Amino acid sequence: IMADKTTDTILLLTDRENVRERPGMYIGDNDKLGLGTIVREVIDNAVDEYPNYEDKTKPIEITLHSDNSITVRDYGRGISPYESKKNKGQIEERIAYTRIGAGGKFKNNREQNNNRFAGGLNGTGSAATNFMSEYFDVTIWKDGREFHDRFEDGGIPVVALKNGKLPSKPQKGEKQTGTQITFKADSKVMRVIKVDSNHLETLFQQTAYLNPGLKILFKNERDGDEEFETYHSENGLLDYMESLIIDDEGKSVPMLIKPFIISGEATADVLGDDVDMAANIAIGFSKDDSFAAEAFTNGIYNVSGGTHMRGFFTGLLRLIRHYYQEFQTEINAKHRKKIDLITKVNDTPDIMKLVKTRDLMHQTYVIIDFKHTNPMLTPQTKDTLSSPEAKTATDNIVYDKGMLYLDRNVAAVQTMIGHIIEGLYEKAKDDDAKVKIDKADAKKFISTKLAAARYVGSGKGAEILLVEGDSAAGTIKSRRDANFQSILPLRGKVLNVQKATAAKALANAEIATMISVFNAGYGKAYDD
(Lines give C-alpha, C1' and ligand atoms only; values in the text may rest on other atoms or scores of the structure.)
Protein backbone atom coordinates (compact mmCIF):
# COMPACT_ATOMS: atom_id res chain seq x y z
CA ILE A 1 0.00 0.00 0.00
CA MET A 2 1.49 3.31 -1.04
CA ALA A 3 1.28 6.25 1.34
CA ASP A 4 -0.82 9.23 0.20
CA LYS A 5 1.74 11.95 -0.47
CA THR A 6 -0.74 14.51 -1.83
CA THR A 7 -1.14 17.87 -0.06
CA ASP A 8 -4.24 19.99 0.44
CA THR A 9 -5.16 22.02 -2.63
CA ILE A 10 -7.70 24.10 -0.76
CA LEU A 11 -6.40 26.45 1.95
CA LEU A 12 -8.49 28.16 4.60
CA LEU A 13 -7.04 31.55 5.51
CA THR A 14 -7.74 33.33 8.77
CA ASP A 15 -9.25 36.82 8.73
CA ARG A 16 -5.80 38.23 9.49
CA GLU A 17 -4.21 36.33 6.61
CA ASN A 18 -7.00 37.34 4.24
CA VAL A 19 -6.56 41.06 4.86
CA ARG A 20 -2.77 41.02 4.81
CA GLU A 21 -2.59 38.94 1.61
CA ARG A 22 -5.46 40.65 -0.22
CA PRO A 23 -5.64 44.23 1.10
CA GLY A 24 -7.35 45.40 -2.10
CA MET A 25 -10.49 43.54 -1.06
CA TYR A 26 -10.67 45.24 2.33
CA ILE A 27 -8.89 48.62 2.31
CA GLY A 28 -8.45 49.43 -1.39
CA ASP A 29 -4.72 48.68 -1.69
CA ASN A 30 -1.54 48.64 0.39
CA ASP A 31 -0.42 52.07 -0.84
CA LYS A 32 -1.64 55.62 -0.13
CA LEU A 33 -5.30 54.71 -0.56
CA GLY A 34 -5.07 51.79 1.83
CA LEU A 35 -3.15 53.79 4.42
CA GLY A 36 -5.76 56.52 4.30
CA THR A 37 -8.48 53.90 4.71
CA ILE A 38 -7.06 52.20 7.82
CA VAL A 39 -6.51 55.59 9.47
CA ARG A 40 -10.00 56.79 8.60
CA GLU A 41 -11.65 53.61 9.90
CA VAL A 42 -10.50 54.29 13.46
CA ILE A 43 -11.43 57.97 13.24
CA ASP A 44 -14.86 57.09 11.82
CA ASN A 45 -15.51 54.83 14.81
CA ALA A 46 -14.76 57.71 17.16
CA VAL A 47 -17.12 60.00 15.24
CA ASP A 48 -19.85 57.33 15.27
CA GLU A 49 -19.49 57.22 19.06
CA TYR A 50 -20.04 60.99 19.46
CA PRO A 51 -23.87 60.66 19.75
CA ASN A 52 -23.24 58.58 22.89
CA TYR A 53 -21.20 61.27 24.65
CA GLU A 54 -22.74 62.21 27.99
CA ASP A 55 -20.90 65.53 27.72
CA LYS A 56 -21.17 66.80 24.15
CA THR A 57 -18.56 69.51 24.83
CA LYS A 58 -15.83 66.90 25.03
CA PRO A 59 -13.79 66.44 21.85
CA ILE A 60 -12.24 63.70 19.80
CA GLU A 61 -8.47 63.99 20.24
CA ILE A 62 -6.12 62.83 17.48
CA THR A 63 -2.32 62.93 17.51
CA LEU A 64 0.05 62.15 14.65
CA HIS A 65 3.31 61.12 16.30
CA SER A 66 6.84 61.56 14.96
CA ASP A 67 7.09 57.90 13.89
CA ASN A 68 3.80 58.11 11.90
CA SER A 69 1.83 56.28 14.55
CA ILE A 70 -1.58 57.78 15.39
CA THR A 71 -3.55 58.08 18.61
CA VAL A 72 -7.35 58.50 18.49
CA ARG A 73 -9.17 59.21 21.74
CA ASP A 74 -12.96 59.52 22.11
CA TYR A 75 -15.06 60.21 25.20
CA GLY A 76 -17.94 57.86 24.46
CA ARG A 77 -19.09 54.81 26.37
CA GLY A 78 -15.85 52.85 25.88
CA ILE A 79 -15.86 49.65 23.83
CA SER A 80 -16.90 46.66 25.92
CA PRO A 81 -13.89 45.00 27.65
CA TYR A 82 -16.09 42.21 29.00
CA GLU A 83 -16.78 38.64 28.04
CA SER A 84 -19.25 38.17 25.21
CA LYS A 85 -22.56 36.63 26.28
CA LYS A 86 -23.06 34.97 22.90
CA ASN A 87 -19.42 33.95 22.46
CA LYS A 88 -18.41 32.51 25.79
CA GLY A 89 -14.75 32.81 26.70
CA GLN A 90 -14.13 35.69 24.29
CA ILE A 91 -13.68 39.37 25.09
CA GLU A 92 -15.99 41.65 23.05
CA GLU A 93 -13.22 44.19 22.40
CA ARG A 94 -11.00 41.47 20.97
CA ILE A 95 -13.81 40.12 18.81
CA ALA A 96 -14.34 43.61 17.34
CA TYR A 97 -10.65 44.13 16.60
CA THR A 98 -9.71 40.65 15.35
CA ARG A 99 -12.74 39.31 13.49
CA ILE A 100 -14.12 40.33 10.12
CA GLY A 101 -17.88 40.66 10.43
CA ALA A 102 -17.89 41.65 14.11
CA GLY A 103 -19.21 45.04 15.19
CA GLY A 104 -21.87 47.09 16.91
CA LYS A 105 -23.45 48.73 13.87
CA PHE A 106 -25.39 45.97 12.19
CA LYS A 107 -29.15 46.21 11.64
CA ASN A 108 -29.92 44.20 14.77
CA ASN A 109 -27.94 46.34 17.21
CA ARG A 110 -27.77 49.85 15.73
CA GLU A 111 -30.64 51.31 17.72
CA GLN A 112 -29.36 50.03 21.07
CA ASN A 113 -25.91 51.45 20.28
CA ASN A 114 -27.34 54.78 19.10
CA ASN A 115 -25.83 54.20 15.65
CA ARG A 116 -28.93 54.36 13.46
CA PHE A 117 -26.93 56.07 10.72
CA ALA A 118 -23.37 54.80 11.21
CA GLY A 119 -20.32 55.01 8.97
CA GLY A 120 -19.16 51.56 10.01
CA LEU A 121 -21.29 48.92 8.33
CA ASN A 122 -19.52 45.62 7.75
CA GLY A 123 -17.57 44.92 10.92
CA THR A 124 -14.40 45.18 8.87
CA GLY A 125 -12.81 48.59 9.50
CA SER A 126 -10.97 48.47 12.82
CA ALA A 127 -10.11 44.80 12.43
CA ALA A 128 -8.54 45.55 9.05
CA THR A 129 -6.60 48.43 10.61
CA ASN A 130 -5.33 46.10 13.32
CA PHE A 131 -4.32 43.43 10.79
CA MET A 132 -2.33 45.99 8.75
CA SER A 133 -0.59 47.52 11.77
CA GLU A 134 2.76 46.95 13.38
CA TYR A 135 0.98 47.40 16.69
CA PHE A 136 -2.51 48.34 17.82
CA ASP A 137 -2.75 49.53 21.42
CA VAL A 138 -6.13 49.92 23.17
CA THR A 139 -7.04 51.73 26.39
CA ILE A 140 -10.64 51.67 27.65
CA TRP A 141 -12.16 53.82 30.41
CA LYS A 142 -15.39 52.28 31.61
CA ASP A 143 -17.27 51.72 34.84
CA GLY A 144 -14.63 53.49 36.90
CA ARG A 145 -11.82 51.27 35.68
CA GLU A 146 -9.06 51.55 33.07
CA PHE A 147 -8.55 48.53 30.82
CA HIS A 148 -5.64 47.85 28.50
CA ASP A 149 -5.05 45.56 25.52
CA ARG A 150 -2.41 45.40 22.80
CA PHE A 151 -1.94 43.63 19.47
CA GLU A 152 1.29 43.29 17.51
CA ASP A 153 2.47 41.98 14.15
CA GLY A 154 -0.88 42.46 12.47
CA GLY A 155 -3.43 41.71 15.16
CA ILE A 156 -1.82 39.13 17.44
CA PRO A 157 -2.81 39.82 21.08
CA VAL A 158 0.15 40.14 23.45
CA VAL A 159 -1.63 41.00 26.70
CA ALA A 160 -2.32 37.99 28.90
CA LEU A 161 -5.85 37.69 30.24
CA LYS A 162 -6.31 37.30 33.99
CA ASN A 163 -8.97 34.75 34.83
CA GLY A 164 -10.33 35.22 31.33
CA LYS A 165 -10.57 38.99 31.72
CA LEU A 166 -8.66 41.98 30.39
CA PRO A 167 -6.29 43.45 32.99
CA SER A 168 -7.59 46.67 34.54
CA LYS A 169 -7.03 49.10 37.35
CA PRO A 170 -9.20 51.60 39.21
CA GLN A 171 -9.32 55.07 37.72
CA LYS A 172 -7.88 57.91 39.74
CA GLY A 173 -9.48 61.32 40.09
CA GLU A 174 -12.44 62.30 37.93
CA LYS A 175 -14.03 59.24 36.37
CA GLN A 176 -13.71 59.00 32.58
CA THR A 177 -15.26 57.02 29.77
CA GLY A 178 -14.14 56.35 26.24
CA THR A 179 -11.66 54.49 24.07
CA GLN A 180 -8.13 55.36 22.96
CA ILE A 181 -6.33 53.55 20.15
CA THR A 182 -2.71 54.02 19.11
CA PHE A 183 -1.51 52.21 16.01
CA LYS A 184 1.17 52.29 13.34
CA ALA A 185 0.96 50.92 9.80
CA ASP A 186 3.09 47.81 9.29
CA SER A 187 5.86 48.37 6.71
CA LYS A 188 5.99 44.60 6.09
CA VAL A 189 2.61 44.72 4.32
CA MET A 190 2.11 48.43 3.56
CA ARG A 191 4.09 50.11 0.79
CA VAL A 192 3.45 53.52 2.38
CA ILE A 193 3.42 54.25 6.10
CA LYS A 194 3.86 58.04 6.05
CA VAL A 195 0.47 59.48 6.92
CA ASP A 196 -0.77 62.33 4.72
CA SER A 197 -1.47 65.11 7.23
CA ASN A 198 -3.16 67.29 4.60
CA HIS A 199 -5.63 64.51 3.92
CA LEU A 200 -6.30 64.23 7.65
CA GLU A 201 -6.93 67.94 8.01
CA THR A 202 -9.42 67.87 5.15
CA LEU A 203 -11.17 64.91 6.76
CA PHE A 204 -11.36 66.68 10.12
CA GLN A 205 -12.83 69.84 8.62
CA GLN A 206 -15.42 67.90 6.63
CA THR A 207 -16.35 65.89 9.71
CA ALA A 208 -16.78 69.06 11.77
CA TYR A 209 -19.10 70.53 9.11
CA LEU A 210 -21.22 67.37 9.12
CA ASN A 211 -21.44 67.27 12.92
CA PRO A 212 -22.18 70.80 14.19
CA GLY A 213 -20.97 71.16 17.76
CA LEU A 214 -18.39 68.37 17.55
CA LYS A 215 -14.82 69.41 18.31
CA ILE A 216 -11.91 67.54 16.78
CA LEU A 217 -8.52 68.35 18.28
CA PHE A 218 -5.52 67.47 16.12
CA LYS A 219 -1.84 67.72 16.95
CA ASN A 220 0.73 66.95 14.27
CA GLU A 221 3.81 66.22 16.37
CA ARG A 222 5.58 64.78 13.34
CA ASP A 223 5.63 68.17 11.64
CA GLY A 224 6.36 70.21 14.72
CA ASP A 225 2.99 71.06 16.29
CA GLU A 226 3.12 71.63 20.03
CA GLU A 227 -0.54 72.50 20.51
CA PHE A 228 -3.79 70.96 19.33
CA GLU A 229 -5.60 72.62 16.44
CA THR A 230 -9.38 72.72 16.76
CA TYR A 231 -11.81 71.76 13.99
CA HIS A 232 -15.31 72.91 14.81
CA SER A 233 -18.41 74.30 13.10
CA GLU A 234 -21.49 75.91 14.57
CA ASN A 235 -23.48 76.28 11.33
CA GLY A 236 -22.60 72.97 9.73
CA LEU A 237 -23.29 72.73 6.01
CA LEU A 238 -23.68 76.48 5.56
CA ASP A 239 -20.16 76.95 6.90
CA TYR A 240 -19.04 74.21 4.53
CA MET A 241 -20.71 75.96 1.61
CA GLU A 242 -19.00 79.23 2.47
CA SER A 243 -15.65 77.45 2.23
CA LEU A 244 -16.55 76.02 -1.20
CA ILE A 245 -17.70 79.21 -2.90
CA ILE A 246 -14.27 80.80 -2.81
CA ASP A 247 -12.46 81.52 -6.07
CA ASP A 248 -8.72 81.33 -6.77
CA GLU A 249 -8.28 84.89 -5.53
CA GLY A 250 -9.92 84.15 -2.19
CA LYS A 251 -13.13 86.01 -3.04
CA SER A 252 -16.65 84.65 -2.73
CA VAL A 253 -18.15 83.44 -6.00
CA PRO A 254 -21.12 85.63 -7.09
CA MET A 255 -24.30 83.65 -6.54
CA LEU A 256 -27.67 83.73 -8.29
CA ILE A 257 -29.34 82.41 -5.14
CA LYS A 258 -27.92 82.70 -1.65
CA PRO A 259 -26.92 79.24 -0.35
CA PHE A 260 -29.70 77.51 1.57
CA ILE A 261 -30.41 74.15 3.22
CA ILE A 262 -33.24 71.71 2.66
CA SER A 263 -33.89 68.60 4.74
CA GLY A 264 -36.17 65.61 4.45
CA GLU A 265 -36.70 61.95 5.27
CA ALA A 266 -37.82 58.90 3.32
CA THR A 267 -38.52 55.20 3.81
CA ALA A 268 -38.22 52.41 1.26
CA ASP A 269 -38.86 48.70 1.15
CA VAL A 270 -35.69 46.83 0.21
CA LEU A 271 -36.05 43.07 -0.10
CA GLY A 272 -38.83 43.04 2.47
CA ASP A 273 -37.07 45.28 4.98
CA ASP A 274 -37.84 48.93 5.68
CA VAL A 275 -34.84 51.22 5.36
CA ASP A 276 -34.88 54.74 6.70
CA MET A 277 -33.16 57.60 4.91
CA ALA A 278 -32.65 61.29 5.60
CA ALA A 279 -30.84 64.10 3.84
CA ASN A 280 -29.52 67.54 4.70
CA ILE A 281 -28.55 69.33 1.51
CA ALA A 282 -26.84 72.70 1.11
CA ILE A 283 -27.47 74.31 -2.29
CA GLY A 284 -26.21 77.40 -4.09
CA PHE A 285 -26.34 78.57 -7.72
CA SER A 286 -23.49 80.57 -9.20
CA LYS A 287 -23.56 83.39 -11.74
CA ASP A 288 -20.27 82.57 -13.42
CA ASP A 289 -20.67 78.84 -14.16
CA SER A 290 -18.38 77.76 -11.34
CA PHE A 291 -19.51 74.70 -9.43
CA ALA A 292 -18.66 72.06 -6.82
CA ALA A 293 -20.37 68.92 -5.54
CA GLU A 294 -19.62 66.97 -2.36
CA ALA A 295 -21.52 63.92 -1.13
CA PHE A 296 -21.43 61.95 2.10
CA THR A 297 -23.24 58.87 3.39
CA ASN A 298 -23.46 58.47 7.15
CA GLY A 299 -20.56 60.87 7.47
CA ILE A 300 -18.35 59.01 4.96
CA TYR A 301 -17.08 61.09 2.04
CA ASN A 302 -18.15 59.55 -1.26
CA VAL A 303 -15.47 60.90 -3.55
CA SER A 304 -17.18 59.36 -6.62
CA GLY A 305 -20.68 60.46 -5.62
CA GLY A 306 -23.36 57.88 -6.27
CA THR A 307 -27.10 57.45 -6.38
CA HIS A 308 -27.78 60.28 -3.91
CA MET A 309 -25.93 62.72 -6.17
CA ARG A 310 -27.79 61.51 -9.25
CA GLY A 311 -31.07 61.81 -7.37
CA PHE A 312 -30.23 65.37 -6.39
CA PHE A 313 -29.78 66.51 -9.98
CA THR A 314 -32.84 64.70 -11.30
CA GLY A 315 -34.90 66.32 -8.54
CA LEU A 316 -33.37 69.71 -9.32
CA LEU A 317 -34.16 69.27 -13.02
CA ARG A 318 -37.79 68.49 -12.19
CA LEU A 319 -37.89 71.57 -10.00
CA ILE A 320 -36.54 73.86 -12.73
CA ARG A 321 -39.02 72.47 -15.25
CA HIS A 322 -41.83 73.03 -12.77
CA TYR A 323 -40.97 76.70 -12.31
CA TYR A 324 -40.54 77.24 -16.05
CA GLN A 325 -44.04 75.92 -16.67
CA GLU A 326 -45.46 78.02 -13.85
CA PHE A 327 -43.89 81.25 -15.12
CA GLN A 328 -43.62 80.38 -18.81
CA THR A 329 -45.57 83.40 -20.09
CA GLU A 330 -43.38 85.88 -18.23
CA ILE A 331 -40.14 84.08 -19.04
CA ASN A 332 -40.95 83.70 -22.74
CA ALA A 333 -41.86 87.37 -23.03
CA LYS A 334 -38.59 88.41 -21.44
CA HIS A 335 -36.42 86.09 -23.55
CA ARG A 336 -38.51 85.87 -26.74
CA LYS A 337 -35.79 86.26 -29.40
CA LYS A 338 -33.42 83.86 -27.69
CA ILE A 339 -36.12 81.25 -27.17
CA ASP A 340 -37.16 81.55 -30.83
CA LEU A 341 -33.65 80.69 -31.99
CA ILE A 342 -33.36 77.85 -29.48
CA THR A 343 -36.62 76.27 -30.64
CA LYS A 344 -35.72 76.72 -34.33
CA VAL A 345 -32.25 75.22 -34.07
CA ASN A 346 -33.43 72.28 -31.99
CA ASP A 347 -36.81 71.81 -33.68
CA THR A 348 -38.76 71.64 -30.42
CA PRO A 349 -41.38 73.92 -28.89
CA ASP A 350 -40.39 72.92 -25.33
CA ILE A 351 -36.94 74.25 -24.50
CA MET A 352 -36.95 72.55 -21.08
CA LYS A 353 -36.62 69.20 -22.84
CA LEU A 354 -33.19 70.42 -23.92
CA VAL A 355 -32.03 71.02 -20.35
CA LYS A 356 -30.12 68.04 -18.96
CA THR A 357 -28.74 67.37 -15.50
CA ARG A 358 -25.22 68.01 -16.81
CA ASP A 359 -26.28 71.57 -17.69
CA LEU A 360 -27.34 72.19 -14.09
CA MET A 361 -24.14 70.68 -12.71
CA HIS A 362 -22.06 73.45 -14.22
CA GLN A 363 -23.59 76.19 -12.11
CA THR A 364 -24.56 74.37 -8.93
CA TYR A 365 -22.82 74.16 -5.59
CA VAL A 366 -24.16 71.27 -3.54
CA ILE A 367 -23.23 69.37 -0.40
CA ILE A 368 -25.26 66.26 0.38
CA ASP A 369 -25.23 64.84 3.90
CA PHE A 370 -27.16 61.63 3.31
CA LYS A 371 -28.21 59.11 5.95
CA HIS A 372 -29.20 55.49 5.34
CA THR A 373 -29.80 52.67 7.79
CA ASN A 374 -28.27 50.05 5.51
CA PRO A 375 -26.43 51.64 2.57
CA MET A 376 -24.51 49.88 -0.15
CA LEU A 377 -21.13 51.63 -0.28
CA THR A 378 -18.60 50.44 -2.82
CA PRO A 379 -15.84 49.41 -2.73
CA GLN A 380 -14.63 48.82 0.87
CA THR A 381 -13.15 52.34 0.67
CA LYS A 382 -16.78 53.58 0.42
CA ASP A 383 -16.13 55.93 -2.49
CA THR A 384 -19.60 55.49 -4.03
CA LEU A 385 -23.15 55.08 -2.74
CA SER A 386 -24.85 52.41 -4.86
CA SER A 387 -28.24 52.01 -3.14
CA PRO A 388 -30.93 52.51 -5.86
CA GLU A 389 -33.54 53.73 -3.36
CA ALA A 390 -31.28 56.65 -2.43
CA LYS A 391 -31.79 58.16 -5.89
CA THR A 392 -35.58 58.22 -5.53
CA ALA A 393 -35.40 59.50 -1.97
CA THR A 394 -33.04 62.38 -2.78
CA ASP A 395 -34.96 63.24 -5.96
CA ASN A 396 -38.21 63.61 -4.00
CA ILE A 397 -36.63 65.50 -1.10
CA VAL A 398 -35.07 68.03 -3.49
CA TYR A 399 -38.30 68.50 -5.42
CA ASP A 400 -40.66 68.74 -2.45
CA LYS A 401 -38.53 70.58 0.08
CA GLY A 402 -36.77 72.68 -2.55
CA MET A 403 -40.13 73.94 -3.76
CA LEU A 404 -41.08 75.06 -0.25
CA TYR A 405 -37.95 77.22 -0.12
CA LEU A 406 -37.92 78.51 -3.69
CA ASP A 407 -41.60 79.50 -3.61
CA ARG A 408 -40.41 82.30 -1.35
CA ASN A 409 -37.60 83.22 -3.75
CA VAL A 410 -39.38 83.27 -7.11
CA ALA A 411 -37.36 86.18 -8.54
CA ALA A 412 -34.13 84.27 -7.93
CA VAL A 413 -35.55 81.16 -9.60
CA GLN A 414 -36.55 83.16 -12.67
CA THR A 415 -33.04 84.59 -12.79
CA MET A 416 -31.61 81.11 -12.74
CA ILE A 417 -33.92 79.96 -15.54
CA GLY A 418 -32.84 83.01 -17.52
CA HIS A 419 -29.25 81.93 -16.99
CA ILE A 420 -30.11 78.46 -18.33
CA ILE A 421 -31.83 79.99 -21.37
CA GLU A 422 -28.73 82.09 -22.02
CA GLY A 423 -26.64 78.91 -22.12
CA LEU A 424 -29.05 77.22 -24.52
CA TYR A 425 -29.06 80.35 -26.69
CA GLU A 426 -25.28 80.49 -26.96
CA LYS A 427 -25.19 76.83 -27.92
CA ALA A 428 -27.96 77.36 -30.49
CA LYS A 429 -26.06 80.27 -32.03
CA ASP A 430 -22.95 78.18 -32.23
CA ASP A 431 -24.79 75.22 -33.77
CA ASP A 432 -26.50 77.49 -36.26
CA ALA A 433 -23.23 79.07 -37.36
CA LYS A 434 -21.46 75.75 -37.84
CA VAL A 435 -23.86 74.49 -40.53
CA LYS A 436 -22.15 74.28 -43.94
CA ILE A 437 -22.91 73.15 -47.46
CA ASP A 438 -20.80 70.23 -48.60
CA LYS A 439 -18.49 71.27 -51.48
CA ALA A 440 -19.44 68.22 -53.52
CA ASP A 441 -23.12 69.05 -53.10
CA ALA A 442 -22.51 72.66 -54.12
CA LYS A 443 -20.73 71.54 -57.29
CA LYS A 444 -23.59 69.20 -58.10
CA PHE A 445 -26.21 71.91 -57.56
CA ILE A 446 -24.42 74.27 -59.97
CA SER A 447 -23.76 71.68 -62.69
CA THR A 448 -27.26 70.18 -62.76
CA LYS A 449 -29.50 73.19 -62.24
CA LEU A 450 -27.79 76.33 -63.44
CA ALA A 451 -27.85 77.44 -67.07
CA ALA A 452 -24.73 79.55 -66.81
CA ALA A 453 -23.90 82.65 -68.85
CA ARG A 454 -20.76 82.98 -70.91
CA TYR A 455 -19.87 86.13 -68.92
CA VAL A 456 -16.24 86.48 -67.84
CA GLY A 457 -15.25 89.22 -65.39
CA SER A 458 -15.59 90.46 -61.83
CA GLY A 459 -19.29 89.73 -61.70
CA LYS A 460 -20.57 93.26 -62.15
CA GLY A 461 -23.30 93.40 -64.76
CA ALA A 462 -24.04 89.68 -64.55
CA GLU A 463 -27.61 88.55 -63.87
CA ILE A 464 -29.25 85.40 -62.50
CA LEU A 465 -32.88 84.88 -63.42
CA LEU A 466 -34.83 82.75 -60.91
CA VAL A 467 -37.74 80.95 -62.55
CA GLU A 468 -40.35 78.48 -61.39
CA GLY A 469 -39.72 75.05 -62.80
CA ASP A 470 -37.80 73.58 -65.71
CA SER A 471 -40.51 74.40 -68.27
CA ALA A 472 -40.27 78.10 -67.55
CA ALA A 473 -36.50 77.86 -67.69
CA GLY A 474 -36.65 76.27 -71.14
CA THR A 475 -38.78 79.09 -72.50
CA ILE A 476 -36.58 81.85 -71.09
CA LYS A 477 -33.32 80.23 -72.21
CA SER A 478 -34.17 80.97 -75.86
CA ARG A 479 -34.87 84.63 -75.14
CA ARG A 480 -32.04 85.52 -72.70
CA ASP A 481 -28.73 87.10 -73.53
CA ALA A 482 -26.39 84.22 -72.76
CA ASN A 483 -23.44 86.59 -72.59
CA PHE A 484 -24.42 87.85 -69.13
CA GLN A 485 -27.74 86.20 -68.12
CA SER A 486 -27.84 82.89 -66.18
CA ILE A 487 -31.01 80.97 -65.39
CA LEU A 488 -31.75 78.99 -62.24
CA PRO A 489 -35.01 77.01 -62.13
CA LEU A 490 -36.62 76.37 -58.70
CA ARG A 491 -39.16 73.74 -57.79
CA GLY A 492 -42.16 74.22 -55.56
CA LYS A 493 -42.69 76.79 -52.83
CA VAL A 494 -39.36 78.06 -51.53
CA LEU A 495 -38.73 77.83 -47.78
CA ASN A 496 -39.19 81.05 -45.81
CA VAL A 497 -35.68 81.33 -44.35
CA GLN A 498 -36.67 84.23 -42.10
CA LYS A 499 -38.52 81.71 -39.93
CA ALA A 500 -36.00 78.87 -40.26
CA THR A 501 -32.59 78.09 -38.84
CA ALA A 502 -29.49 77.82 -40.98
CA ALA A 503 -29.61 74.05 -40.52
CA LYS A 504 -33.12 73.84 -41.96
CA ALA A 505 -32.33 76.29 -44.74
CA LEU A 506 -29.30 74.36 -45.92
CA ALA A 507 -31.22 71.09 -45.76
CA ASN A 508 -33.59 72.58 -48.38
CA ALA A 509 -32.27 71.76 -51.88
CA GLU A 510 -33.55 74.98 -53.48
CA ILE A 511 -32.05 77.26 -50.82
CA ALA A 512 -28.77 75.35 -50.84
CA THR A 513 -28.66 75.63 -54.64
CA MET A 514 -29.19 79.41 -54.58
CA ILE A 515 -26.50 79.91 -51.94
CA SER A 516 -24.08 77.74 -53.94
CA VAL A 517 -24.81 79.55 -57.20
CA PHE A 518 -24.63 83.05 -55.73
CA ASN A 519 -21.26 82.17 -54.12
CA ALA A 520 -21.64 84.98 -51.60
CA GLY A 521 -21.71 82.84 -48.47
CA TYR A 522 -24.35 83.04 -45.76
CA GLY A 523 -24.75 83.95 -42.11
CA LYS A 524 -21.61 85.36 -40.57
CA ALA A 525 -19.64 84.36 -43.69
CA TYR A 526 -21.85 86.40 -46.06
CA ASP A 527 -19.83 88.61 -48.43
CA ASP A 528 -21.59 90.62 -51.15
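**Helix packing, buried sites and loop residues in a predicted model**

Helix 8 and helix 12 cross in a right-handed manner. In this predicted model, helix 8 covers residues 307-326 and helix 12 covers residues 388-406. Their axes come within 7 Å. The crossing angle is roughly 35 degrees. Helix 8 contributes Thr 307, His 308, Arg 310, Gly 311, Phe 312, Thr 314, Gly 315, Leu 316, Arg 318, Leu 319, His 322 and Tyr 323 to the contact. From helix 12 come Pro 388, Ala 390, Lys 391, Thr 394, Asp 395, Asn 396, Val 398, Tyr 399, Gly 402, Met 403 and Leu 406. By class, the contact residues of the two helices comprise 10 nonpolar, 9 polar and 4 charged.

The protein as a whole contains 17 helices and 18 strands. It has 528 residues, and 48% of them count as buried. Among contacts with a separation of 6 or more, 69% join residues 24 or more positions apart. The exposed area of the protein is about 28100 Å². Carbon and sulfur atoms supply 49% of that area.

Several buried positions were examined individually. Ser 286 lies in strand 11. Its relative accessibility is 0%, so Ser 286 counts as buried. The side chain of Ser 286 reaches the backbone oxygen of Ser 290 at 2.7 Å. Beyond four places in sequence, Ser 286 touches Val 253, Pro 254, Met 255, Leu 256, Gln 363, Tyr 365 and His 419. A further pairing links distant parts of the chain: Ser 286 and Met 416 are 130 residues apart in sequence, and their C-alpha atoms are separated by 8.9 Å.

Ile 331 belongs to helix 9, residues 328-334. Ile 331 is buried because its relative accessible area, 5%, falls under the 20% cut-off. Apart from neighbours within four places in sequence, Ile 331 is in contact with Tyr 323, Tyr 324, Ile 339, Ile 417 and Ile 421. One of these, Tyr 323, also takes part in the contact of helix 8 with helix 12. Thr 415 is 84 residues from Ile 331 along the chain. The C-alpha atoms of Ile 331 and Thr 415 are 9.5 Å apart.

Ser 69 sits in a loop, between strand 1 (60-64) and strand 2 (70-73). Ser 69 is nevertheless buried, with a relative accessible area of 3%. The side chains of Ser 69 and Asp 67 form a polar contact of 2.6 Å. Outside a window of four places in sequence, Ser 69 touches Thr 63, Leu 64, Tyr 135, Phe 183 and Lys 184.

Helix 17, residues 509-518, is mostly covered. Of its 10 residues, 8 are buried. These are Glu 510, Ile 511, Ala 512, Thr 513, Met 514, Ile 515, Ser 516 and Val 517. Asn 519 follows just after helix 17 and takes a positive phi of about 60 degrees.

Asp 29 occupies the loop between helix 2 (23-26) and helix 3 (32-49). With a relative accessible area of 25%, Asp 29 is partly exposed. Its side chain makes polar contacts with backbone nitrogens. The backbone nitrogen of Asp 31 is reached at 2.8 Å by the side chain of Asp 29. The backbone nitrogen of Gly 34 lies 2.7 Å from a polar atom of the Asp 29 side chain. Leaving out residues up to four places away in sequence, Asp 29 touches Pro 23, Gly 24 and Gly 34. Asp 29 and Thr 381 are 352 residues apart along the chain, with a C-alpha separation of 9.5 Å.

Two further loop residues were considered for their backbone geometry. Leu 271 falls between strand 10 (255-270) and strand 11 (273-286). Leu 271 is not a glycine, yet has a positive phi of about 55 degrees. Its relative accessibility of 85% is over the 50% cut-off, so Leu 271 counts as exposed. Asp 347 lies between helix 10 (336-346) and helix 11 (357-361). Asp 347 has a positive phi of about 55 degrees, although it is not a glycine either. Asp 347 is exposed, at 58% relative accessible area.

Note on methods
Residues are numbered from 1 along each chain as its sequence is written. This is a predicted model: local features need pLDDT of at least 70, side-chain atom pairs count only at pLDDT 80 or more; totals for chains, interfaces and linings use all residues. Side-chain values use heavy atoms; hydrogens and water are left out. Helices (H or I, at least four residues) and strands (E, at least two) are DSSP runs, numbered from the N terminus. Buried means under 20% relative accessible area, exposed over 50%, partly exposed in between (1.4 Å probe, protein chains only). Contact means heavy atoms within 4.5 Å. A polar contact is a pair of N or O atoms within 3.5 Å; within protein, one must be able to donate a hydrogen and the other to accept it, and residues adjacent in sequence count only if both atoms are side-chain atoms. Accessible areas come from the Shrake-Rupley method with a 1.4 Å probe; for residues, only the protein chains shown count as cover. Axes are lines fitted to C-alpha atoms, for helices over the stretch in contact, and angles run from 0 to 180 degrees between N-to-C directions. A crossing is left-handed if the near helix is turned anticlockwise from the far one by less than a right angle, and right-handed if clockwise. Ala, Val, Leu, Ile, Met, Phe, Trp, Tyr, Cys and Pro count as nonpolar, Asp, Glu, Lys and Arg as charged, and the others, Gly among them, as polar.
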